Amino acid sequence: MPDYNTMEIMICVAARELEDGATVGVGTGAPCAAAMLAQKTHSPNLVIMFEAGGVSPLLPEMPISVGDSRTFYKAVMASSMCDIMGACSRGFVDYTFLGGAQIDMYGNLNSTIIGENHRKPKVRFPGSGGANDFASFCWKTMVMTLQDVRRFVPKVDFVTTPGWLTGGDSRAKSGLPAGTGPYKIITNMGIMDFESRSKRMRVISVNPGYSFKHLQDNCGFELLRAPKIVQTKPPTEEELCILREEVDPYRYVIGR
Amino acid sequence: MPIENKVGKLSDITKIIKDGDKVAIGGSWLGGHPMAIIREIIRSKIKDLTAITVVGSIDIDLLIGAGCLKRLMFSFVSMEAFGLAPNFRRAIEKEGLPYDEITGLAVIIGLEAGGRNVPFLPYRGPFGSDLVKYRPEFYKNIKCPFTGEELIAAAAIVPDVAIIHAVRADKTGNIQMEGTTGTDIEMMRAAKKRIVSVEEVVPSEEIWKHPEKTKVPKFQVDMVIEAPLGAHPTSCAPHYVFDAWHIMKYMEYAASAETFKKYVQDYVMKPEWEYLEAIGGMRQASILRRLAREVKFL
């Protein structure tokens, strides 16, 4: 079995979720690496979209900024943020990847503040940007993050981006489009989805070297277990080779 | 009648931008911010501005650090791979700079409402987010008069001035862009006055050759300023990439309020051509242009 690091397995796992012909809205960093890996392996027709307006680029190398001209290299369109958001609103975007400082058991995300006082928080993060809009309107939202009790919390300090809200049918009832919502959470220790009725986070797969207990010990709320928890397929030689040599040769992301 | 001429100098921005104005700033992430105009705002000591940005980076961080803002409306401010925006964080965490955080699409829809001359536009979000709760003056729940559906109304955003950077313009103010446009066009439509810095001012014949590249027509432009490398240290796609070396240097200076003052002295409080010398002059410019070409033709 080839050697790989935490970032590499997360990127490979995420890439496998993106089927050929799908559309995915990404930012820079690990999600972009995952989309590029998918494009160079099983999904040559993957349509990658960047929030600043790049549509379907064939990325030559990792863009460092969403405003980077690489985001529309060999693209079919250099559009605008208004166009990209319009595509999301209309249901044309299948997947998106988001991050955040905190996530709760329903996949609600905080990328706004740490602390009680919204006016003068303890820590001020960058903010929603398009994250809220992407997660509101794309069909399936995925999160790539490290498994850690400070991130997986019982209650987020601020709901920047809605997940399944308070579970059950609360998301659809709130007015968000039915059928959209958090789909998978990909961490260094395993993969989680959301149980279909309660919409609570549920472990479906554990990465090699980890058990359900590892995930639970590094999570601030009770995780559900899928009826059958499988082991995550480790990165293959081919995936690692393309990831290291073509997607991220300068190790911007996989070297973190 | 003589041909109209909207070309001004950087120092002419004070004819349009006044203390206390609401200023929409174009560009997004580390791309296409009107940085020469931003520096000129600081040099001119214009103050008490409300900045409106969708995705800000060094533009917003610089204005905050230099003390030009009294309020900030934004959806995102970050230095991306280079870290969190240092002055933005300090101002909010330590000094309580008043701010309005709304989502990216909400800023766009607010600007679209401004650009269509209506007080609001409805959309399907951001339901379930605390952002709605904290910003009742911007978001209101409404019922569709046709279908009865629950929607959210985003209030119109009408900036006093919009400032953007573009590739070229003629002297009458037809603005051409050649890359992704972020939210620049929506800002230009919504604002009461508009200033555009461009890499070059060209004869109108050049504009006529490629009318499809004109993204803002002259009747929506009040002043054109020729500012080569005017987006530096952010990029001007597809002509030059952002200057990662300078941004790293900026992050070092901005690490404390004390050292940031030195950045303002060393790089901002001098004529624009001296700024371009300070960042490495023609040599650095040619590196940034070459990197952009390599991406383009790779």
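What percentage of the 256 residues of chain A count as buried? In this predicted model, the figure for chain A is 63%. The sections below describe the chain as a whole, its contact with chain B, and several local features of the backbone.

The secondary structure of chain A consists of seven helices and 14 strands. Along the principal axes, the C-alpha atoms of this chain occupy a box of roughly 45 × 45 × 35 Å. The radius of gyration of chain A is 18 Å, which agrees with the value near 18 Å that a compact globule of 256 residues would have. The contacts within the chain were also examined by their separation in sequence. Of the contacts in chain A between residues at least 6 apart in sequence, 65% join residues at least 24 apart.

The surface of chain A was considered next. About 9700 Å² of chain A is exposed, and carbon and sulfur atoms supply 52% of this area. Among the side chains of chain A, 27 are positive and 26 are negative. The centres of these two sets of charges lie 6 Å apart.

Chain A also meets chain B. To this contact, chain A contributes 49 residues and chain B contributes 54 residues. Together the two chains bury about 4100 Å² between them, and 61% of that area is on carbon and sulfur atoms. Arg119(A), Arg124(A) and Pro126(A) supply 17% of the area that chain A buries against chain B, more than any other three residues.

Several features of the backbone deserve separate description. Most peptide bonds are trans, and most residues other than glycine have a negative phi. Two cis peptide bonds in chain B are described here. One of them runs from Gly125(B) to Pro126(B), with omega near -5 degrees. Pro126(B) belongs to the loop between β8 (120–123) and α5 (130–134) of chain B. The other cis bond joins Ala237(B) and Pro238(B), where omega is about 0 degrees. Pro238(B) is located in the loop between β15 (223–226) and α8 (244–253) of chain B.

Positive phi values were found in residues other than glycine in both chains. In chain A, Leu165(A) has a phi near 55 degrees. This residue lies in the loop between β10 (140–144) and α5 (170–174) of chain A. Leu165(A) counts as buried because its relative accessibility is 14%, and the cut-off for a buried residue is under 20%. In chain B, Glu80(B) has a positive phi of about 50 degrees. Glu80(B) is placed in the loop between β6 (76–77) and α3 (86–93) of chain B. With a relative accessible area of 16%, Glu80(B) is therefore also buried.

A further loop residue, Asp170(B), was examined for its surroundings. Asp170(B) is situated in the loop between β11 (161–169) and β12 (175–176) of chain B. Its relative accessibility is 1%, so Asp170(B) counts as buried. When neighbours within four places in sequence are left aside, Asp170(B) is in contact with Val201(B), Val202(B), Pro203(B), Ser204(B), Ile207(B) and Val224(B). For one of these partners, Ile207(B), the C-alpha atom is separated by 7.0 Å from that of Asp170(B), although the two residues are 37 residues apart along the chain.

Terms used. Residues numbered from 1 in each chain as written. Chains lettered and ligands numbered in written order. Predicted model: local features only at pLDDT ≥ 70, side-chain atom pairs only at ≥ 80, totals over all residues. Heavy atoms only, no water. Helix = DSSP H or I, 4+ residues; strand = E, 2+ residues; numbered from the N terminus. Rg over C-alpha atoms; globule rule 2.2 N^0.38 Å. Buried < 20%, exposed > 50% of the residue type's maximum accessible area, 1.4 Å probe, protein only. Contact = heavy atoms within 4.5 Å. Areas by Shrake-Rupley, 256 points an atom, 1.4 Å probe, with all protein chains shown as cover. Lys, Arg positive; Asp, Glu negative; His and termini not counted. Charge placed at Lys NZ, Arg CZ, Asp CG, Glu CD. Buried area = accessible area lost by both parts, 1.4 Å probe.
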